[in-house]
Amino acid sequence: MKPHFLTTLTTHLMTPVVADAPALFALIDQDRVALSRWMPRTASIQSVEDEAAFLLKSLERIAANQFWLAVIWVGPRPAGTIDLHAFKDGHAEIGYWLGRDFRGKGIMTHVLGIVEDVAFSQLNLNKLELVIATSNTASQAVAQRRGFHQDGILREHLLTAAGNYDDAIVYSKLKRDLH
């Protein structure tokens, strides 16, 4: 049996700082093609300066209580980000990405559990949603492992980098689902 990745490295979340931009840009740039399939903002991140500008704008939105963003750290290295956005009526959507060297190791399943706790306990949200392309089976597996409920399919809902639309599965978790 292969050892579980999280038993050997500490995973934690940190509020982003602009100094994270070079490392996050490097993760995006080394895996641009794969990430662009699921993360449309990849096209607008063409330099460290672009990533720094994104982080600055994110910090402004965080200060205005319109956004919640954390950098995922695995040991001493940033591995990706996770966020809460589209806040409305006590619910929010979750977005995330991981660099290629960190996928398939249980990291996102673990991190999503931390974010659920933040959302329900600290931000007092009632509902979290994941909107996942029907072809993104890895993210669907994360949602299922965390016990999210599959609510339905939104036809041609997600704009792709190629300008097409993917169908999306909506998953949700309610605060009361934790009890």
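1. Let's start with Arg 103, which comes out as partly exposed at 35% relative accessibility. Keep in mind that this is a predicted model. Its salt-bridge partner is Asp 31, and the closest N and O atoms of the two are 2.2 Å apart. Asp 31 sits in the loop between α1 (21-30) and α2 (32-38), while Arg 103 belongs to the loop between β4 (91-98) and α4 (107-122), so the bridge ties together parts that are 72 residues apart in sequence. Unlike its partly exposed partner, Asp 31 is buried, with a relative accessible area of 9%.

2. Next up is Arg 41 with Glu 51, another salt bridge, with 3.1 Å between the closest N and O atoms. Here the loop between α2 and α3 (48-63) provides Arg 41 and helix α3 provides Glu 51, so this pair joins parts 10 residues apart in sequence. Buried or exposed, these two? Both Arg 41 and Glu 51 are buried.

3. Helix α3 also has a salt bridge between two of its own residues, Glu 60 and Lys 57. The N to O distance is 4.0 Å, and the cut-off is within 4 Å, so I'd look at this one by eye before leaning on it. The two residues are three apart, about one turn of the helix. Glu 60 counts as exposed because its relative accessibility is 52%, and the class begins over 50%. Lys 57, at 48%, is partly exposed.

4. How many salt bridges does a search of the whole structure find? The count is nine. Apart from the pairs above, there is a network of salt bridges that links Glu 116, Arg 146 and Lys 173.

5. Now the sheet. It is open and built from seven strands, in the order β1-β2-β3-β4-β5-β7-β6, with mixed pairing. At the edges are β1 (11-14) and β6 (149-159), each of which pairs on one side only. Neighbouring strands are turned against each other by 30° on average, with direction ignored.

6. What is the sense of the pairing between β6 and β7? β6 and β7 (residues 165-174) run antiparallel and share seven bridges. If you want a spot to look at, Leu 154 stands opposite Ala 168 in β7.

7. Two helices are worth a look for how they lie on the strands. α1 lies across β2 (68-74), β3 (77-88) and β4, at about 90° to β3. Helix α5 (residues 137-145) lies across β4, β5 (127-133) and β7, and runs at about 155° to β5. β4 is on both of those lists.

8. Last, the largest pocket, with a volume of about 1,200 Å³. Its lining has 43 residues; Trp 38, Gly 95, Tyr 96, Trp 97 and Asn 136 lie nearest the centre. Which element gives the largest share of the lining? That is β4, with six residues. At least two lining residues come from each of α2, α3, β3, β4, α4, β5, α5 and β6. So the strand that α1 and α5 both lie across is also the biggest contributor to the pocket lining.

Technical notes
Residues are numbered from 1 along each chain as its sequence is written. This is a predicted model: local features need pLDDT of at least 70, side-chain atom pairs count only at pLDDT 80 or more; totals for chains, interfaces and linings use all residues. Side-chain values use heavy atoms; hydrogens and water are left out. A salt bridge is a side-chain nitrogen of Lys or Arg within 4 Å of a carboxyl oxygen of Asp or Glu. Helices (H or I, at least four residues) and strands (E, at least two) are DSSP runs, numbered from the N terminus. Buried means under 20% relative accessible area, exposed over 50%, partly exposed in between (1.4 Å probe, protein chains only). Two strands pair if DSSP finds at least two bridges between them. Axes are lines fitted to C-alpha atoms, for helices over the stretch in contact, and angles run from 0 to 180 degrees between N-to-C directions. Contact means heavy atoms within 4.5 Å. On a 1 Å grid over the protein atoms alone, a cavity is a set of points where a 1.4 Å probe fits but cannot get out, and a pocket is an open set with protein on both sides within 12 Å along at least five of seven lines; lining residues have an atom within 4 Å of a point. Grid points are joined across faces, edges and corners, and a volume is the space filled by probe spheres set on the points.
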